[in-house]
Amino acid sequence: MLGFAVVHDFLALVALRRHRATKSRARHASYLVTVIEPAWKQGNVARFVRSRSRRHETTRRRLTTLGVVYRYAALLRGIAPSLPNMTNDKLRGVFEGLRFEHVASVLASGNLVFHSTETDAPMLERRIQRALHTELGIAGGTIIREHAELRALLDSDPFPGLTHGRGTYLTATFLKDGATAPGRLPEPPDPRTRIVGYDTGARVFLAVIDNSVPGNTPDFMSWLDKTYGKDITTRTWLTVQRIVKKLGS
């Protein structure tokens, strides 16, 4: 029989995908009303959009009221653990002050896991970032992923047969919710980089980098920084595995 945690993660992922699909359809319908057919603003389409918006909010509130608990990972950008306001205990204190439960750190590079009944990941990102800036002066970005999304990413095995090391540096660069996904990825910029692809479910760029000569930033990482700025944060594949293990414990 399937374990409780597996069933819970499956149901959480289904609910999250339905929630996001409803938001996407409502945004598309809103575009049709306000841009394509402005004359319909007082007609059936406008009523449909308002109905969809109310339905989405009702669904979100029902999930919260029912106490469906989601396990999240917060990936913080620009964390330097040597600074006194960026230590794990200070970061956990901010999350605990936001009333999140089961808060824990993974390594010292700005990875925190927590439980919440909230289903709106972009709202969580903004809420956490405001608190980090207000309480600790941290102005970097915050990217949220739900446990089921990261678990599905690991299960897809994007780096088959490879072991993380200097010559095969396995990287995962996460894109902030709301940022525009790439239409196409650039051609391999140099022989040190092999671009594996972009996983739409986890919104993450995957690449293998030859990092045997330290101090040189591969062109692909430079392209990501120039294109997305603060809307991305990168983790090694080993770190992603440890985050998922922590979320599943």
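Which strands does helix H6 (residues 219-228) lie across, and at about what angle to E7 does it run? Let's work towards that in two exercises on this predicted model, where local features need pLDDT of at least 70, side-chain atom pairs count only at pLDDT 80 or more, and totals for chains, interfaces and linings use all residues. Residues are numbered from 1 along each chain as its sequence is written, and side-chain values use heavy atoms, leaving out hydrogens and water.

**Exercise 1. Describe the sheet and place helix H6 on it.**

Step 1. Helices (H or I, at least four residues) and strands (E, at least two) are DSSP runs, numbered from the N terminus.

Step 2. The order E6-E7-E5-E8 gives an open sheet of 4 strands with antiparallel pairing (a pair needs at least two DSSP bridges). E6 (193-199) and E8 (232-236) are at the edges with a single partner strand each, so one side of each has no neighbour in the sheet.

Step 3. Look at E5 (residues 169-175) and E7 (residues 204-209): 6 bridges join these antiparallel strands. Leu 170, for instance, has Val 208 in E7 as its bridge partner.

Step 4. Now the helix: H6 lies across E5, E6, E7 and E8, at about 155° to E7 (axes are fitted to C-alpha atoms, for helices over the stretch in contact, with angles from 0 to 180 degrees between N-to-C directions; contact means heavy atoms within 4.5 Å).

**Exercise 2. Find which strand gives the most to the lining of the second largest pocket.**

Step 1. E5, H6 and E8 each supply at least two lining residues (those with an atom within 4 Å of a point; a pocket is an open set on a 1 Å grid over the protein atoms alone, where a 1.4 Å probe fits, with protein on both sides within 12 Å along at least five of seven lines).

Step 2. E8 gives the most, with 5 residues.
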